[in-house]
Amino acid sequence: LLAGVSHELNNPLSVVAVQSHIKEEKAEDPAIAARAAKIRKAAERCARIVQTFLAMARERPPERQPIDINHLIEAALEITTYGLRAAGVSVHCRFDPALPSVVGDASQLHQLFANLIINAQHAMAGHEGARALTITTRQDGDGIAVEIADTGPGIPEEQRHRVFEPFFTTRPIGAGTGLGLSFAYNVAAAHGGRLCLAPSEQGARFLLQLPLGTQTDTPSVEMPARILGKGRALIVDDEAELAETLAELLTERGWNTHVATSGAAAIEALERHEFDVVLSDVRMPHMDGPALYQWIKTHRAHLVRRTGFLTGDTLGSQASAFLREAEVPFAEKPFSAATIEQLLARLLDDAGGPQA
């Protein structure tokens, strides 16, 4: 279900996000630019929600990277906000703006926070009186601490020691699996941290403690000036509207673009013209992205390191296997203008910039 729905949403969301970004940049009337910015931010929020669902559904080894916990909690609130609002729960965030980053798996920690938030929402559903969720972040010695507190009925003393047991739930049969808190507890432990049910005068208060971990030397990709112009780009996507939107974005940044709506059309263009970069969809009818990549390796070897991919099918085993084995740069749909700029920057950095 996630794969099917996300695939149908990815392309139109990408078009909305990028087109609104272009409109925002080109608008001479500040009021129109502001409206375009609202559309862009809403589309990018939808894109983050889709990507979050995909990240939660993937089966992949844990990844370790520096994480902004405040930002991760905000992302978790984005996908739970409707349920909270429908349940009449007010949310109060007390984030430490100077909170240091931790090293961990963003997808797992995101699901941990989503589970704790949903658990609090369910605990307060139907509860008479104030329904409030308070999330606090702070530095805690050599690590960080996150408190998630609700104003629900709380957890009876005789059940407190069982809340992290798999399949244990205080909700009626069919209303919960009893795995949410167990999963959160195991994720905290896998990150060298600790999740506990802390004392509280009202409701339930969960305390998560995480070490900062070992910072990895992950260089950030800077936006080199050369991506703003000078270069010829081939854009390959069977959805013409998306391909044309990408072409418009790159054209605004000074690129000379050519659109191909099939793998065969892309080969024809490659045989007739020289290109600095190739941006191709992975899943296309007849000749897909992997087949086009093999043709490029055989007939245009100088473009191998200049070829990047756009995909909304990272749940599919074939697409995931190709991206993993080929080790090619790619951007996930739905994407934004910034995502495309980062992909171009990576391609040009790896390949030494546009050809002379």
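**Reading the cores, the sheet and the helix packing**

Q: Leaving aside its neighbours within four places in sequence, which residues is Leu-133 in contact with?

A: In this predicted model, and with those sequence neighbours left aside, Leu-133 is in contact with Leu-84, Val-89, Ser-90, Val-91, His-92, Ile-117, Ala-120, Met-124, Ile-148 and Ala-149.

Q: How many residues does the largest nonpolar core have, and which have the most contacts inside it?

A: The largest nonpolar core comprises 36 residues. Leu-133 belongs to the group with the most contacts inside this core, together with Ile-69, Leu-112, Phe-113 and Val-146. Two or more residues each are supplied by helix 3 (69-86), helix 4 (106-124), strand 4 (132-140), strand 5 (143-150), helix 5 (180-190), strand 6 (194-198) and strand 7 (205-211). The most is given by helix 4, with eight residues. A second core, separate from this one, has 23 residues and includes Ile-22, Leu-249, Val-277 and Ala-337.

Q: How should the sheet be read, and what is the order of its strands?

A: In general, the strands of a sheet pair through backbone hydrogen bonds, either parallel or antiparallel. Here, five strands form an open sheet in the order 2-4-5-7-6, and the pairing is mixed. Strand 2 (90-94) and strand 6 are the edge strands, each pairing on one side only. From one strand to the next, the twist averages 15°.

Q: How many bridges join strand 5 to strand 7, and which residue in strand 7 is the bridge partner of Val-146?

A: Strand 5 and strand 7 run antiparallel and are joined by seven bridges. The partner of Val-146 in strand 7 is Leu-208.

Q: Which strands does helix 3 lie across, and which does helix 4 touch?

A: Helix 3 lies across strand 2, strand 4, strand 5 and strand 7, and runs at about 170° to strand 4. Helix 4 also packs on the sheet, where it touches strand 4, strand 5, strand 6 and strand 7. The direction of helix 4 makes about 25° with that of strand 5.

Q: How is the packing of helix 3 and helix 4 described?

A: Two packed helices are described by the angle between their axes and by the distance between those axes. For helix 3 and helix 4, the angle is about 40° and the axes are 9 Å apart. Helix 3 is therefore oblique to helix 4. The crossing of helix 3 past helix 4 is right-handed.

Q: Which residues in helix 3 meet which in helix 4?

A: From helix 3, the residues involved include Ile-69, Leu-72, Ile-73, Leu-77 and Leu-84. Among those they meet in helix 4 are Leu-109, Phe-113, Ile-117 and Gln-121.

Definitions and conventions. Residues numbered from 1 in each chain as written. Predicted model: local features only at pLDDT ≥ 70, side-chain atom pairs only at ≥ 80, totals over all residues. Heavy atoms only, no water. Core = buried A, V, L, I, M, F, W, Y, C linked by side-chain atoms within 4.5 Å. Buried < 20%, exposed > 50% of the residue type's maximum accessible area, 1.4 Å probe, protein only. Helix = DSSP H or I, 4+ residues; strand = E, 2+ residues; numbered from the N terminus. Contact = heavy atoms within 4.5 Å. Pairing = 2+ DSSP bridges. Axes fitted to C-alpha atoms, helices over the stretch in contact; angles between N-to-C directions. Parallel < 35°, antiparallel > 145°, perpendicular 65-115°, else oblique. Left-handed = near helix turned anticlockwise from the far one by under 90°.
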